[in-house]
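Could you walk me through this structure in my viewer, one selection at a time? I would like to know what to pick next and what I will find there.

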Amino acid sequence: MTEDAYLKLLAEALSRAYAPYSMFAVGAVVRGESGRLYSGANVENAAYPQGWCAEASALAAMVMAGETRLTEVAVMADGDHVCTPCGGCRQKLKEFALPGTQVLCYSLDELRATFSLEALLPHGFGPEYLS
Ligand code: THU
């Protein structure tokens, strides 16, 4: 997929955001181990804590398609600051992330920053602790 097509996929996800309270729309795409891409957007709620992030929506789409391993995550949001996944989403992503998973942070028109998930959640607790 070209960078333009990837940007379009992220922008389409972001356009589906339901964010009438924060007015902060976020789109996310996760790449499953198969190479397939799964999109999601944030979905807020009048009972504020019941809303969820774009990353959670994308993860749910991936799991519903039958995949439980991912290699890459991309997040898109508008604004001056680079939008990185929140703490809770870093943990949610770790559950499914293969070693070396990259997190790509986009503004509306370009890649702004890339991090490893390990850098965003160092020494994170994962499923291996329970086996
Ligand atoms: N949000 C996301 O969807 N992903 C992030 O990476 C950061 C924050 C959402 C949650 C909430 O709907 C809005 O952005 C403002 O926090």
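This tour of a predicted model goes through a run of strands and then two pockets.

**Stop 1: E3 and E4.** Select strand E3, residues 70-77, together with strand E4, residues 97-106; the two pair in the parallel sense over 6 bridges. To see one of these pairings, click Ala74 and look across to E4, where Leu104 is its bridge partner.

**Stop 2: add the helix.** Now bring in helix H3, residues 87-94, which joins E3 and E4 in a right-handed β-α-β unit.

**Stop 3: E4 and E5.** Keep E4 on screen and add strand E5, residues 111-116; these two run antiparallel, with 5 bridges joining them. Cys105 is a good place to zoom in, as its bridge partner in E5 is Ala113. Together E4 and E5 form a hairpin, with 4 residues between them.

**Stop 4: the largest pocket.** Next, select Lys94, Ala97, Leu98, Pro99 and Leu117, which lie nearest the centre of the largest pocket among its 16 lining residues. The space there comes to about 270 Å³. Which element gives the most to this lining? It is E4, with 5 residues, while helix H4 (117-120) also supplies at least two. Colour the lining by residue class and you will get 7 nonpolar, 4 polar and 5 charged residues.

**Stop 5: the second largest pocket.** Finally, move to the second largest pocket, with about 220 Å³ of space. Select Val26, Asn42, Glu44, Trp52 and Cys53, the closest to its centre of the 17 residues that line it. The same colouring here gives 10 nonpolar, 5 polar and 2 charged residues.

Technical notes
Residues are numbered from 1 along each chain as its sequence is written. This is a predicted model: local features need pLDDT of at least 70, side-chain atom pairs count only at pLDDT 80 or more; totals for chains, interfaces and linings use all residues. Side-chain values use heavy atoms; hydrogens and water are left out. Two strands pair if DSSP finds at least two bridges between them. A crossover is right-handed if, with the strands pointing away from the viewer, the path from the first strand over the helix to the second runs clockwise. On a 1 Å grid over the protein atoms alone, a cavity is a set of points where a 1.4 Å probe fits but cannot get out, and a pocket is an open set with protein on both sides within 12 Å along at least five of seven lines; lining residues have an atom within 4 Å of a point. Grid points are joined across faces, edges and corners, and a volume is the space filled by probe spheres set on the points. Ala, Val, Leu, Ile, Met, Phe, Trp, Tyr, Cys and Pro count as nonpolar, Asp, Glu, Lys and Arg as charged, and the others, Gly among them, as polar.
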